[in-house]
Each structure stands twice: as structure tokens, then as C-alpha cells.
Amino acid sequence: MTTAITVHPEVSEAVTTGKPVVALESTIISHGLPRPENLRVAQEVETVVRSRGAIPATIAVLDGQILVGLEPEQLAAVATRDDILKAGVRDLPIVASRSGSAATTVAATSVIAHASGIDVFATGGLGGVHRQARDSWDESADLTTLALTPVTVVCSGVKSILDVGATLERMETLNIAVLGYRTSRFPGFYLVDSGHDVTWNVDDPSEVADIMQARSALGLNAALVVANPIPVDTQLDPDLHDTTLAEGLSMAQTRGIQGKDVTPFLLDHFHRATHGASLSANAALIVNNADLAARIATARSLAADR
Ligand code: PSU
Ligand code: MN
């Protein structure tokens with residue numbers, strides 16, 4: 001993809017001069033959150049990144065152009081247009097060559113961010129191994145892509161609709177390191193705690209910057225995952241979470257929802273069935289992750305100056 005990426009001038013100036021930049025995912029906006037809150041959250045995320053002195057670079061494909069950093073009307077287009085597809089890495093060249101428009105998954109966003117010289121990225125929850133994976137073989141390409149893409153992803157763990165234990169095992173196999181941010185428990189997306197431990201924890205953005213530096217010195221290519229729990233006062237009620245999830249999984253099965261539609265279907269079910277409680281949790285955790293990502297990007301740019 002030599003000519004295919006259009007980097008916003010503000011982002012490209014920041015990358016060239018070593019200012020902190022945070023890449024932001026767009027599938028959250030188009031397929032993860034309902035309208036009109038999706039646009040409000042997308043804007044708030046960018047505002048939070050700026051308030052920390054970093055430059056936001058939301059990534060999406062519009063009318064065949066792969067864009068890194070969006071104008072306000074382009075962000076609104078991703079949130080409101082009906083022709084926005086969900087693009088993983090394999091879809092990018094096809095969407096681009098057909099002048100299509102798509103939001104990018106964690107995997108696609110990471111690849112484009114890395115190709116544009118951006119190494120810190122914020123999202124909600126990663127994709128991973130689905131609960132029926134033994135039969136369906138449904139494992140998100142987020143995992144295999146992160147194994148080969150040296151970005152630092154700030155997230156609230158993996159989506160709780162997944163088989164979290166299996167996903168953690170796959171991350172170990174794929175050399176994707178997981179750092180719990182001020183926690184020794186792996187976060188559960190809508191919930192503070194997924195019920196699983198994390199091996200490593202960090203207390204400060206500068207520690208993450210040091211680890212990024214060491215990773216780069218070693219020439220390692222795998223992503224670093226910073227697992228940042230949702231603020232406890234905004235988490236979903238755990239019982240409501242478990243009932244809603246059971247209901248959603250059985251509805252997905254009855255309706256034969258498959259492939260890339262599974263994640264949007266389950267997230268949408270949560271937002272409807274909890275009457276917006278999962279929506280406010282989802283919004284809160286994304287904003288919180290963007291805030292931490294901006295602080296990590298800042299620590300990283302200071303460290304690079306030394
Ligand atoms: N995090 C959220 N909401 C989302 C997603 C992540 O809070 O909608 C998206 C990401 O784009 C992630 C994708 O890459 O879900 C995973 O989809 P799949 O399971 O089909 O790979
Ligand atoms: Mn899948």
C-alpha cells in the first residue's frame with residue numbers, strides 16, 4: 001500500500017516532528033455504537049486526546065481513500081452514512097479499489113496506523129476467540145494481525161461476548177504481551193474484571209513507554225496490549241451483564257448470525273436489552289482508553305527526545 005494512505009496534514013506534521021499521536025478505530029463508531037450517540041462518542045474521544053496535548057487520528061476509508069485523521073464532516077460521515085462497511089485487513093484493498101467506504105476494525109486500524117508511523121492506538125475491546133469457536137472457528141483477525149503489528153493498543157481487555165480465557169491463551173501463543181493498567185486482573189470490557197489474571201501490570205504511562213522502547217530495541221513485531229479497566233462506577237451490573245449475554249448468544253444462534261456480523265449483533269443486543277446501560281459503559285471505557293493512550297503517546301514522545 002505505497003500510495004494508498006492519505007494522512008491528514010496535522011497528523012503527518014505531528015508524526016514527522018515526534019509529537020504524540022493517538023490512532024483511533026472507526027468500527028466502534030459505525031458498527032459498535034448506535035446513532036446518534038456514536039458520533040457524540042467519536043467526537044468526545046478526539047476531544048479527550050487533544051485535551052492531553054496529543055493529536056487524534058481516527059482511521060477510516062471514505063470513497064476509496066484510506067484516511068488517517070478525519071475532518072469533522074468525515075467523522076460525521078462514518079457515523080451517519082448507510083454505506084459504511086466493516087473492513088478488516090483483507091477487505092482494505094478491495095474497498096479502496098472499488099471506491100467504497102468502510103470503518104476499520106482493530107486489525108485494519110493497527111496496520112494502517114503502523115504504516116503511517118503511529119504506534120499508540122485506543123479502542124474499546126479487542127476481538128478474539130468466540131465462545132462457539134470449537135465449532136465455528138470464529139477467531140477475530142485482530143489477534144493474528146496484532147501478532148505482527150508493533151503498535152501499543154489501549155483497550156478494556158477483549159469484548160466480554162468472547163471466550164476470554166481462550167483469547168488470553170491465543171495472545172500468549174501469538175507473543176502479544178498484556179499489561180494490566182493498575183490492575184492484576186484482566187478487564188472484562190463492560191466489567192472491571194473478566195475473572196482472569198494478567199501476568200504483568202504497570203502503574204504509569206512512562207512504564208509503558210519504556211517497554212515500547214525495549215520492544216523496539218529488540219526488533220519485536222508483536223503488539224503490546226495495555227488492558228485498562230472501565231472506571232468501576234461506570235461498569236455494567238455484573239448480573240445484568242451475564243443475563244443479557246446469555247440471551248444475546250442464544251438469539252444469535254437461533255437467527256443464524258455468523259462471521260463479521262456476530263460482534264455487531266451482540267453489541268446491539270446489549271445496547272437494546274440494557275436500555276442504554278451498556279451504551280454508557282461502552283462510551284465511558286472508550287473515552288477512558290483514549291485518555292490513557294494520549295498519556296502513553298506523550299510519555300513515548302518525551303522518551304524519544306532523550
Ligand atoms: N470495541 C468496541 N466496539 C467494537 C469493536 C471493538 O468497543 O465494535 C470492533 C473492533 O473494530 C474489533 C471488531 O476489531 O469489533 C472485532 O470484530 P470481529 O469479532 O468480527 O473480528
Ligand atoms: Mn469473527
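Buried here means under 20% relative accessible area, exposed means over 50%, and partly exposed covers what falls in between (1.4 Å probe, protein chains only). By that yardstick Y190, at 0% relative accessibility, counts as buried. The model is predicted, so local features need pLDDT of at least 70 and side-chain atom pairs count only at pLDDT 80 or more, while totals for chains, interfaces and linings use all residues. Residues are numbered from 1 along each chain as its sequence is written, chains are lettered from A and ligands numbered from 1 in the order in which they are written, and side-chain values use heavy atoms, with hydrogens and water left out.

Y190 sits in a small story about rings. Rings of Phe, Tyr and Trp (its six-membered ring) pair if their centres lie within 6.5 Å, with planes under 30 degrees apart called stacked, over 60 edge-to-face and the rest tilted. The count by this rule is 2 aromatic pairs. One of them joins F189 and Y190, tilted, at 4.5 Å centre to centre with 45 degrees between the planes. Y190 also forms a tilted pair with F270, at 4.9 Å centre to centre and again 45 degrees between the planes. Y190 lies in the loop between β10 (185-188) and β11 (191-197) and F270 in helix α12 (residues 262-273), so this pair ties together parts that are 80 residues apart in sequence. Helices (H or I, at least four residues) and strands (E, at least two) are DSSP runs, numbered from the N terminus. F189 is buried at 2% relative accessibility, and F270 is buried at 1%. Ring pairs thus link F189, Y190 and F270 into a cluster.

Salt bridges come next, each being a side-chain nitrogen of Lys or Arg within 4 Å of a carboxyl oxygen of Asp or Glu. The whole structure has 14 of them. R52 and D291 meet in one, at 2.8 Å from N to O. That pair links distant parts of the chain, with R52 in the loop between α3 and β3 (55-62) and D291 in helix α13 (residues 277-305), 239 residues apart. D291 forms a salt bridge with R295 too, the closest N and O atoms being 3.2 Å apart. D291 and R295 are 4 residues apart in helix α13, so about one helical turn separates them. R52, D291 and R295 are linked in a network of salt bridges. Within it, D291 is buried at 14% relative accessibility, whereas R52 is partly exposed at 39% and R295 is partly exposed at 26%.

As for helix α3 (residues 37-51), its 15 residues should span 21 Å at 1.5 Å a residue, and the end C-alpha atoms are indeed 21 Å apart; the expected span is 1.5 Å times one less than the number of residues. Among the buried residues of α3 are L39, V41, V45 and V49. G53, which follows α3, has a positive phi, near 85 degrees.

Which elements give two or more residues to the lining of the largest pocket? They are α2 (27-32), α6 (106-115), α8 (141-146) and α12. Of these, α2 gives the most, with 4 residues.
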